[in-house]
Amino acid sequence: MSTTTQATTSSLLTTPGRPRALRNAAMVRPTRLVNEGEQLTLLCLTAGSPPPSFTWTRENSAALPGAAVVDPVTGTLVIGGVRPEDDGMYTCTADNGVDVVTSNVSFAVCPDISGCSDSSKWCPNWANSGECENNPGWMLPNCPLSCGVCHPDLPSECLTTKRGRSWDTWECSNVTDVPDEVRTELNLDTFYQKYLHAYGIPILGSSILPDDALRRCCYDVLFMLADRRDLRDSYFNVYGRAAIMAESEVTLDVPEHSNMDPIFNTRARGLGGTTSFPVSTGAEENVLCYQHDSLRVEDIFMHEFAHGVHNMAAKIVIPDFNARLEAAYQDAMANGRFANTYAADTVFEYWAEGVQSYFDVNHERDPPDGIHNHVNTREELMVYDPVLYNLVHEVFPCENRVVKRCVKDYDASEIKVDCENGLARTLIDGSTIFN
Ligand SMILES: [Ca+2]
Ligand SMILES: [Ca+2]
Ligand SMILES: [Zn+2]
């Protein structure tokens, strides 16, 4: 799944009588392609006694990026805000005075291409057949991305390894094994043994996850990506997926999250997807509304998936979305809105809490209790913070009403799809999911 290399000093590893030897592997998860501006984490996995010290170097003796920081204890190298020129091969060296081991990792950086787009989905095909040279008068202005006008050095994988358009179909009822072609294309760990899909976006769980938890997750993804084709295409295109942890599983059991700080095992029952770790997660006890769930009062997966829609779709597809959201957040903070709530924590939580209220699945506390306030409905959000409401509405223009996970009245539910000017292209009948 990633570009690990084995330690180059295997003879040392088998020499008897030595202190426990080092072994060492450098890796970047979950893919060797990273997007410009994102934080990149390179791991230097090792074990040994005494504990080693770590050194990172680059090929051709190039200097480490200015934004690179190495954790002296774990050896992890973090580059905050990676730039295209930071790409290439990096070498981790671990030395504990007994052994010295090295391993390499390389990655490519996809530049931000949001300011350069093709006007037709056929542009890549036309470019491949030589049309940029044969017909430049039309091609260069209409297919600037595929013709390499704006990014002549664009690594081809930045275009060709993406998945493309989402599907017009879904299967949210009949849970199956993970299809081989999906497992291969998304490099899915064998932890995942159960599968549904919403518009081709995999909905995943382990063998012990109840099927109904996967169905509810699939309904949520179907629901939250119904409103705009461009947004679900984007979530699909960056290999987006959703997963539900069984009640007995924890955050680090999710393969994409297995290298996170273990504190997330007790702190989180779901995380939003990002383009680096493109899985949005939730938990069985919450999606199925178990009585003993400590977070039962609110829909955690919808909160987390709102992060995923933001990170993997809205900010990529909608012009100036992040700048406008940030401005709304700053204005809210300056005017005391969401004081003493989680929405005030960061612009990301401001967004996700706003989405929860828009879909009437937030918790309500009045006075605010440090996490929530009185705003927990669409109507209240519209009155309390109209700018945030408008941003949420821009992403969810169909104004669909979700079936609440504790009410489960799917029979009477419909999901409008692809709404422009309030007019839906089609409808999804909610009763087809739980039958
Ligand atoms: Ca909330
Ligand atoms: Ca309220
Ligand atoms: Zn959040």
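The paragraphs below lead through a zinc site, several disulfides and a few backbone features of this structure. The model is predicted rather than determined by experiment.

The zinc ion (ligand 3) is a convenient place to begin, and its protein donors are the NE2 atoms of His303 and His307 together with OE atoms of Glu349, which appears twice in the list of donors, at distances of 2.0 to 2.6 Å from the metal. Along the chain these donors follow the spacing H-x3-H-x41-E. His307 belongs to helix α11 (residues 300-317) whereas Glu349 belongs to helix α13 (residues 347-358), and this pair links distant parts of the chain, 42 residues apart. His307 is buried, because its relative accessible area of 7% falls under the 20% that bounds the buried class. Glu349 likewise counts as buried, at 12% relative accessibility.

The geometry around the zinc ion (ligand 3) deserves a careful reading, since the angles among its four donor atoms run from 55 to 144° and the site is irregular. Why is the site not counted as tetrahedral? Four donors are given that label if all angles lie between 85 and 135 degrees, and the range of 55 to 144° for the zinc ion (ligand 3) does not satisfy this, so the site is classed as irregular. For reference, the ideal angle for four tetrahedral donors is 109.5 degrees. Water is not among the atoms, so sites may look incomplete.

From the metal the account can pass to the cysteines, for the structure holds six disulfides. A disulfide is a covalent bond between the sulfur atoms of two cysteines. One of the six joins Cys132 to Cys147, with an S to S distance of 2.1 Å, and this link is left-handed, with -85° about the S-S bond. Because Cys132 lies in helix α3 (residues 131-134) and Cys147 in the loop between α4 (136-142) and α5 (157-160), the pair ties together parts that are 15 residues apart in sequence. Both ends are buried, Cys132 at 8% relative accessibility and Cys147 with a relative accessible area of 19%.

Another disulfide joins Cys172 to Cys218, with an S to S distance of 2.0 Å, and the link of these two residues is also left-handed, with -65° about the S-S bond. Here a strand is tied to a helix, because Cys172 lies in strand β9 (residues 170-176) and Cys218 in helix α7 (residues 211-224), parts that are 46 residues apart in sequence. Cys172 counts as buried at 2% relative accessibility, and Cys218 counts as buried at 0%.

Cys289 and Cys406 form a further disulfide, in which the sulfur atoms are 1.9 Å apart. The torsion about the S-S bond of Cys289 and Cys406 is about 100°, so this disulfide is right-handed. The pair links distant parts of the chain, with Cys289 in the loop between α10 (284-287) and α11 and Cys406 in the loop between α15 (386-395) and β14 (414-417), 117 residues apart. How do the two ends stand in terms of accessibility, buried or partly exposed? Cys289 counts as buried at 9% relative accessibility, whereas Cys406 counts as partly exposed at 36%. Cys217, by contrast, is in no disulfide, and the nearest cysteine sulfur, that of Cys218, is 7.2 Å away. This unpaired cysteine, Cys217, is buried, at 0% relative accessibility.

The backbone offers some further points for inspection. The peptide bond from Asp366 to Pro367 is cis, with omega near 5°, and Pro367 lies in the loop between α13 and α14 (378-384).

Tyr199 is a residue other than glycine with a positive phi, near 60°, and its place is in the loop between β10 (194-198) and β11 (201-205). Asp320, again not a glycine, has a positive phi near 60°, and Asp320 is found in the loop between α11 and α12 (321-334). Where these two residues part is in their accessibility, for Tyr199 counts as buried at 2%, while Asp320 counts as exposed at 56%.

Technical notes:
Residues numbered from 1 in each chain as written. Chains lettered and ligands numbered in written order. Predicted model: local features only at pLDDT ≥ 70, side-chain atom pairs only at ≥ 80, totals over all residues. Heavy atoms only, no water. Donors = N, O, S within 2.8 Å, 3.2 Å for Na, K, Ca; no water. Tetrahedral: all angles 85-135°; square planar, octahedral: opposite > 155°, others 65-115°. Helix = DSSP H or I, 4+ residues; strand = E, 2+ residues; numbered from the N terminus. Buried < 20%, exposed > 50% of the residue type's maximum accessible area, 1.4 Å probe, protein only. Disulfide = S-S within 2.5 Å.
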